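Biologist: Got a minute to go through this one with me? I'd like to talk pockets, charges and cysteines.

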Amino acid sequence: MAMLWKFMRVAKYSKTALSSKVKVRGIPTHSRHSSSKSIPSDFSASAPCSNTVELFGKSYPLDDYSNVTEKILSKVGKNLHNRKHHPLWLIKEQVKEHFYKHYLGRHGTPLFSVYDGLSPVVTVQQNFDSLLIPPNHASRRKEDNYYLNRDHMLRAHTSAHQWDLIHSGLDAFLAVGDVYRRDTIDSTHYPVFHQMEGVRLFSCHELFSSVKDGEGLQLFEQGHRTVHKQECHTMEAVRLVEFNLKQVLTKLMTHIFGDGLQVRWVDCYFPFTHPSFEMEINFQGEWMEVLGCGVMEQQIVNSAGAQDKIGWAFGLGLERLAMILYDIPDIRLFWSEDERFLKQFIGPHIWQKVKFQPLSRYPPLINDISFWLPSETYSQNDFYDLVRTIGGDLIEKVVLLDEFAHPKTKKVSHCYRIIYRHPERTLTQDEVHRIHQAIEESAVRELGVEGRF
């Protein structure tokens, strides 16, 4: 469920995901439930060539669903969330330390185990089917995801590992990793970002043991689905799970952003929790959405082998929290190798207060591009992906300025404004012109548009 607050803007593998050895470039990483797990960040991917793509030493045949680009493949295995002193690593470690410190098991060990190195290559079954996302759901579209082929993809959310982790016997865990989504281009959207999934399951005894005279209370009943609960849950169980979930997340956000933090909850709809909520915080006078959460769909829990338990799940974006906490204005900066950016986050401990000091603000260069759309299906995300592939992180923003339908031919024209800005130096007109010209030529060649250049 780690994609929740983003996932519904467009409307979380099999058992081998938890095999005892995960091979990455021939290095076996043994799973251990008692501590944080990490796959080495050595990148082992070859760009699509001939009819296969190779990731982590495994070849995937390409087919009519394959749409992953070289630019995206170059990001796989970077694991910014595991790079010490990186702002995303700081956020991950703060959340991890909070859960380790405040939630302990019967023997005084951390209740929640952490998985921060699960492979981003998952099956379509993991990413969608295991979470009850319908076959015709908008979130499955090629326009919104990176498919290696019809059966495998780069995960669109860390919820893709939820079923496997529960099936392995875990009932309290955090899963962290890079996720991949085709999206618009601006200062808050990037095709690769990082999420954290949290899940907690309760037995009847665990949920009701602290309730006075709660011996007769039950988790399940044969009832009806309402806006407040699922058909198989008792109202008492749902209320306690919901209370625990909101209490856990309120404590977490207060721990990160400070005492006195204002929080509010908004009812919403997600396909794999019910009831579902979005959490908003008031930070420096502005309300901001920070995560999605809810009571897990019991059908998912049951199919994973935990039929006698009920639980909650939440999902948050590490970039979202880091941009708010450290006042980072542009999501592209998380990929910067500039020491002026990175050294700002090096400190004696993970809780050190940091306010990002902007690098020199280099001037933008703006170019427009207009073309007639092809008669076949056209997706704006295809164009955005093409722009990112050619321009990379020099592209600050792409805006659809105008859409025009010819009154006689009925042909439709789009005009986009592309804003170029290097985060670390001044761009020249000549280099931007070459990039822009390459975008124009590629749009005609790859997307079938008719240029109005």
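Modeller: Sure, we'll take those topics in turn, and keep in mind that this is a predicted model.

Biologist: Pockets, then. What volume does the largest pocket have?

Modeller: About 680 Å³. Its lining counts 26 residues, and the closest to the centre are L104, G105, L111, R200 and E206.

Biologist: Which helix gives the largest share of that lining?

Modeller: That's α7, with four residues. The elements that each supply at least two lining residues are β10 (192-202), α6 (204-208) and α7 (235-257).

Biologist: And how does the lining split by class?

Modeller: Twelve residues are nonpolar, ten are polar and four are charged.

Biologist: Switching to charges. How many salt bridges does the structure hold?

Modeller: There are 27 of them. One is between R150 and D64, where the closest N and O atoms are 3.0 Å apart.

Biologist: Where do R150 and D64 lie in the chain?

Modeller: Both are in loops: R150 lies between α4 (124-127) and β8 (152-154), and D64 between β5 (58-61) and α2 (70-73). The pair therefore ties together parts that are 86 residues apart in sequence.

Biologist: How accessible are R150 and D64?

Modeller: R150 has 46% relative accessibility, so it counts as partly exposed. D64 is at 51%, and because exposed means over 50%, D64 counts as exposed.

Biologist: Next pair. What distance separates N and O in the K92 and D116 salt bridge?

Modeller: 2.9 Å, side chain to side chain. K92 lies in helix α3 (residues 87-102), while D116 is in the loop between β6 (113-115) and β7 (121-123), so this bridge ties together parts 24 residues apart in sequence.

Biologist: Are K92 and D116 buried or exposed?

Modeller: K92 is buried, and D116 is buried as well.

Biologist: What about E221, which residue does it form a salt bridge with?

Modeller: E221 pairs with K229, and their closest N and O atoms are 3.1 Å apart. As for accessibility, E221 is partly exposed at 34%, whereas K229 is buried at 7%.

Biologist: Which residues do salt bridges with shared partners join into one network?

Modeller: K92, E93, K96 and D116. So the K92 and D116 bridge we talked about, the one at 2.9 Å, has both of its residues in that network.

Biologist: OK, cysteines. How many disulfides does the structure hold?

Modeller: Zero. Take C293: the nearest cysteine sulfur belongs to C268 and is 7.5 Å away. A disulfide needs the two sulfur atoms within 2.5 Å, so C293 is in no disulfide.

Biologist: Is C293 buried or exposed? And C415, buried or exposed?

Modeller: C293 is buried, with a relative accessible area of 0%. C415 is at 15%, and because buried means under 20%, C415 counts as buried too.

Biologist: One last spot, S130. Where does it lie?

Modeller: S130 is in the loop between α4 and β8. R150 lies in the loop between α4 and β8 as well.

Biologist: What does the S130 side chain reach?

Modeller: The backbone oxygen of Q126, at 2.8 Å. S130 itself is buried, at 7% relative accessibility.

Terms used: Residues are numbered from 1 along each chain as its sequence is written. This is a predicted model: local features need pLDDT of at least 70, side-chain atom pairs count only at pLDDT 80 or more; totals for chains, interfaces and linings use all residues. Side-chain values use heavy atoms; hydrogens and water are left out. On a 1 Å grid over the protein atoms alone, a cavity is a set of points where a 1.4 Å probe fits but cannot get out, and a pocket is an open set with protein on both sides within 12 Å along at least five of seven lines; lining residues have an atom within 4 Å of a point. Grid points are joined across faces, edges and corners, and a volume is the space filled by probe spheres set on the points. Ala, Val, Leu, Ile, Met, Phe, Trp, Tyr, Cys and Pro count as nonpolar, Asp, Glu, Lys and Arg as charged, and the others, Gly among them, as polar. A salt bridge is a side-chain nitrogen of Lys or Arg within 4 Å of a carboxyl oxygen of Asp or Glu. Buried means under 20% relative accessible area, exposed over 50%, partly exposed in between (1.4 Å probe, protein chains only). A polar contact is a pair of N or O atoms within 3.5 Å; within protein, one must be able to donate a hydrogen and the other to accept it, and residues adjacent in sequence count only if both atoms are side-chain atoms.
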